[in-house]
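Trainee: I should like a close look at a single part of this structure, set in the context of the whole chain. Please take the helix that the rest of the structure encloses, and then proceed to the surface and the loops.

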Amino acid sequence: MTALRMGATEWTLLILLSVLWGGVFLLNAIALTALGPLTIALGRVGLAALVLTAVLPLIGVRLPTAFRIWGAFLIMGALNNALPFTLIVWGQTYIDSGLAAILNATTPIFTVLIAHAATRDERLTPGRLAGVGLGFCGVAVLIGDQAVAGWSWHNIGQVAVLGAALSYACAGIYGRRFHGLSPVVAATGMLWGSTLLLAPVALWVEMPWQVAPSAEAWGAVIGLAVAGSAAAYVIYFRLLAVAGATNLLLVTFLLPVIAAVLGYIVLDERLGWNAWVGLALILGGLAAIDGRLIGKITRPCHAKQY
């Protein structure tokens, strides 16, 4: 079997994907100036579904018609789009975009825990367990000791983003059942499933037709759909096929840094010391879970012992 490697093209796509997903948090903040969280989430998945549906004939594939598969699309749409998108945007009404991105970086930490409980082939190793512990230490630093004295909306906003990370982790495990289905078809079906779930709730609760958002807000929603969802998913599945899931974990290292920089430049957000310490701990935990960096550091040491 040919090893999955990262060439110049793959590195370029990886950085581009990190920028696209890092920019999602900035676009959320801009859209929130005029639109509600449910409306933003619906606009993102609905427009992205239309874009990818238009792409399908160009690559010679079509959406399946079996009810069983569409039932799976609905569940995947809930776990990977409808629930996390709404939780992140709602959480960003109380916390900065950079902080939301850092908390979202805990997704792989939740994933290894769920994979250990739900699968037989991805068990916790000492290194992964240490990474999980380090990551949760980072979360504790981010939330802060003020949560012990009493919960604030700021803390609840942080927990909402953590809930989104947990939902993404569940989607990562559930999404295995789409193996063998065209990645673009799976992404399109998932986006239509989340659109069907979000549409009645968003229209009933927020009644977006009564809102007159600015051009910037609509532009942000279009950016979320076209760049942050449709284009990002195409790049994601391309990298998944060529570089593998392990190399894709590198996106998680780059994304929160890019989001924090964009928040600082565009929104003048200032992250406190605990955000940077928490980010360092979470990224350290991800490095332990990934194992490759630690392996490169320790391998020469082991060689000297022989």
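Mentor: The account below begins with the basis of the model, turns to the helix in question, and ends with the surface and two loop residues.

This is a predicted model, in which local features need pLDDT of at least 70 and side-chain atom pairs count only at pLDDT 80 or more, while totals for chains, interfaces and linings use all residues. Residues are numbered from 1 along each chain as its sequence is written, and side-chain values use heavy atoms, with hydrogens and water left out.

The protein chain has 14 helices and 0 strands; helices (H or I, at least four residues) and strands (E, at least two) are DSSP runs, numbered from the N terminus. Of its 306 residues, 47% count as buried, where buried means under 20% relative accessible area, exposed over 50%, and partly exposed in between (1.4 Å probe, protein chains only).

The part requested is helix 4, which spans residues 97–104 and is largely enclosed by the rest of the structure, because 8 of its 8 residues are buried. These buried residues are S97, G98, L99, A100, A101, I102, L103 and N104.

As for the chain around it, 88% of the contacts between residues at least 6 apart in sequence join residues at least 24 apart, a contact being heavy atoms within 4.5 Å.

On the outside, the protein chain exposes about 15000 Å², of which carbon and sulfur atoms supply 70%; accessible areas come from the Shrake-Rupley method with a 1.4 Å probe, and for residues only the protein chains shown count as cover. V257, V261, Y264, I265, V266 and L267 form a nonpolar surface patch with about 520 Å² of accessible area together. Patches are made of residues with over 30% relative accessible area and no salt bridge, with like charges joined within 9 Å and nonpolar side chains (Val, Leu, Ile, Met, Phe, Trp, Tyr) within 5 Å; a salt bridge is a side-chain nitrogen of Lys or Arg within 4 Å of a carboxyl oxygen of Asp or Glu. L267 belongs to helix 12, residues 250–267, and is partly exposed at 32% relative accessibility.

D268 lies in the loop between helix 12 and helix 13 (273–290). Its phi is positive, near 60°, in a residue other than glycine. M207, also not a glycine, has a positive phi of about 40°; M207 is located in the loop between helix 9 (183–205) and helix 10 (215–242) and is partly exposed, with a relative accessible area of 32%.
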